[in-house]
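Colleague: Got a minute? I'd like to go through this one with you. Put it up and start wherever you like.

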There are 2 protein chains.
Amino acid sequence: MLGLLSFGEELSGYDLKKWSDWSLRFFYWSPSFSQIYGELKRLEKVGYVSSRMVAQETGNRDKRVYVITDEGMAAVRHWAREAPVEPPVLKHGVMLRLWLGHLLEADRMREVLGRHREYAETMRERAEVDVESARAEEAWAYPALVLKWSERFYASERDLADAMLADLDEMDDLDAKSRP
Amino acid sequence: MLGLLSFGEELSGYDLKKWSDWSLRFFYWSPSFSQIYGELKRLEKVGYVSSRMVAQETGNRDKRVYVITDEGMAAVRHWAREAPVEPPVLKHGVMLRLWLGHLLEADRMREVLGRHREYAETMRERAEVDVESARAEEAWAYPALVLKWSERFYASERDLADAMLADLDEMDDLDAKSRP
DNA sequence: TAGACATATTTCTCTTAGGAACATCCAGAG
DNA sequence: CTCTGGATGTTCCTAAGAGAAATATGTCTA
């Protein structure tokens, strides 16, 4: 949350949710509304953000918008610089299922893998598009860098699926030969 | 849990924890003890596992061991076959930090990335070792397949870090030129 | 003029995470 | 020969996270 606010914009809880959904979707989860609104109150209490109410002309409901304070900036900066490097969290449901390959037919496995391949390619394409738009703005240099990483990451995820499909074929061949 | 038990072994909660920590570490998170023991009771109540107490000769404390039932097998099998293909969950703290590149020095970024690169290479090596031992046993054919995937995955994670380091260098070069 | 959709926030409930506590034994260090 | 750390084995407690639903309010469209 502080990271998102560190770009300097004045954002509502709703904005933060949309922003994080949008910006982090390639490499990080996005907090739920309940987490965001709760956290904003906590952050304000400790002085890392400050807020004000905004009456909206355009007709929409009034909202509370938040900006990061100097203390908040110091806190995120400290985190970004000094936090220990932690391993990424991965929960790969597709691999979990294939790990249990004795429970499903080879064709079903291929289908699951194929669908995952499609997902990876779709994500790669989306990242590719985002790289272009992020490069247009100077302020997005680092996000653009990470988007480029994401594009490559999903390309690799797609290739990994292909490699595994090939491994599956090979397994079947060996099986067929040993049981003629 | 049912997946782990579907290999047919009679396991205690403690065994399940060690097993899942060990087997899934490359591609899935492992449940906590509290989840495991709670879940085992729930699974027994719905008839997916059954348990018995075992008095241990070797001196260790008595334990309760669980086996999967036919209904349990049917349930995991159904899950493995029919569950929707869901996108993997990724929380890449390193990328989140680099996304906030405006908050830290270029050298600190390189350090974080370098450490992540090392982590990826270590994981790759571990996966490589595990592939060999899994291939020794016929029953581990599918786990071996996923371990092979893991080995490639971490190799790619390492290469992605290298590519990003190169991107960072390039960014610095351009920066230096535009501000002579 | 209803219905879908977008903004904006709160509430509730369930799951997951993670550590601490408890219990028991073994092996190795001092 | 005792102390301590580590492995086995299980339970309890608390906090964080996920996600749906409820509550407002207004716009645009079929």
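Modeller: Let's start with A:Tyr154. Setting aside residues up to four places away in sequence, A:Tyr154 touches A:Arg25, A:Phe26, A:Tyr119, A:Ala120, A:Met123 and A:Arg124. Bear in mind that this is a predicted model.

Colleague: Which helix is A:Tyr154 in?

Modeller: A:Tyr154 sits in helix 7 of chain A, residues 141-178.

Colleague: And is A:Tyr154 buried or exposed?

Modeller: Buried. Its relative accessibility is 5%, and the cut-off for buried is under 20%.

Colleague: How far is A:Tyr154 from A:Glu125?

Modeller: Their C-alpha atoms are separated by 8.7 Å. Along the chain, A:Tyr154 and A:Glu125 are 29 residues apart.

Colleague: Let's zoom out. How many helices and strands in chain A?

Modeller: Chain A has 7 helices and 4 strands. Along the sequence the pattern runs α-β-α-α-β-β-α-β-α-α-α.

Colleague: Is chain A compact or spread out?

Modeller: More spread out than a compact globule, because the radius of gyration is 22 Å and the globule rule gives 16 Å for 180 residues. The C-alpha atoms fill a box of roughly 75 × 40 × 35 Å along the principal axes.

Colleague: What share of chain A counts as buried?

Modeller: 43% of its 180 residues. The exposed area of chain A is about 9700 Å², with carbon and sulfur atoms supplying 50% of it.

Colleague: How about contacts between residues far apart in sequence?

Modeller: Take the contacts in chain A between residues at least 6 apart in sequence. Of those, 54% join residues at least 24 apart.

Colleague: Charges next. How many positive and negative side chains in chain A?

Modeller: 26 positive and 33 negative. The centres of the two sets lie 5 Å apart.

Colleague: Any one acidic residue to look at?

Modeller: Try A:Asp15, in helix 2 of chain A, residues 13-24. A:Asp15 counts as buried, at 18% relative accessibility. Leaving out neighbours within four places in sequence, A:Asp15 is in contact with A:Glu10 and A:Lys63.

Colleague: Where is A:Val65 relative to A:Asp15?

Modeller: 8.9 Å away, C-alpha to C-alpha. In sequence, A:Asp15 and A:Val65 are 50 residues apart.

Colleague: OK, now the second copy. What superposes chain B on chain A?

Modeller: A rotation of 180° with 0.0 Å of shift along its axis, at an RMSD of 0.0 Å. That is the relation of a two-fold axis.

Colleague: Which residue of chain B comes closest to the rotation axis?

Modeller: B:Leu90, with its C-alpha at 2.4 Å.

Colleague: Through which surface do the copies meet?

Modeller: The same surface, because 100% of the interface residues of chain B are also interface residues in chain A.

Colleague: Show me a residue that reaches across.

Modeller: B:Met171, in helix 7 of chain B, residues 141-178. B:Met171 touches A:Ala141, A:Tyr142 and A:Leu145. At 22% relative accessibility, B:Met171 counts as partly exposed.

Colleague: What about B:Met171 and B:Ala106?

Modeller: Their C-alpha atoms are separated by 10.0 Å, and B:Met171 and B:Ala106 are 65 residues apart along the chain.

Colleague: Last one. Where does B:Glu121 sit?

Modeller: In helix 6 of chain B, residues 106-136. B:Glu121 counts as buried, at 17% relative accessibility. B:Glu157 is 36 residues from B:Glu121 in sequence and 8.2 Å away in space, C-alpha to C-alpha.

Methods: Residues are numbered from 1 along each chain as its sequence is written. Chains are lettered from A and ligands numbered from 1 in the order in which they are written. This is a predicted model: local features need pLDDT of at least 70, side-chain atom pairs count only at pLDDT 80 or more; totals for chains, interfaces and linings use all residues. Side-chain values use heavy atoms; hydrogens and water are left out. Helices (H or I, at least four residues) and strands (E, at least two) are DSSP runs, numbered from the N terminus. The radius of gyration is taken over C-alpha atoms; the globule rule is 2.2 Å times the number of residues to the power 0.38. Buried means under 20% relative accessible area, exposed over 50%, partly exposed in between (1.4 Å probe, protein chains only). Contact means heavy atoms within 4.5 Å. Accessible areas come from the Shrake-Rupley method with a 1.4 Å probe; for residues, only the protein chains shown count as cover. Lys and Arg count as positive and Asp and Glu as negative; His and the chain ends are not counted. The place of a charge is taken as NZ of Lys, CZ of Arg, CG of Asp or CD of Glu. Copies are superposed by least squares on the C-alpha atoms of residues with pLDDT of at least 70 in both.
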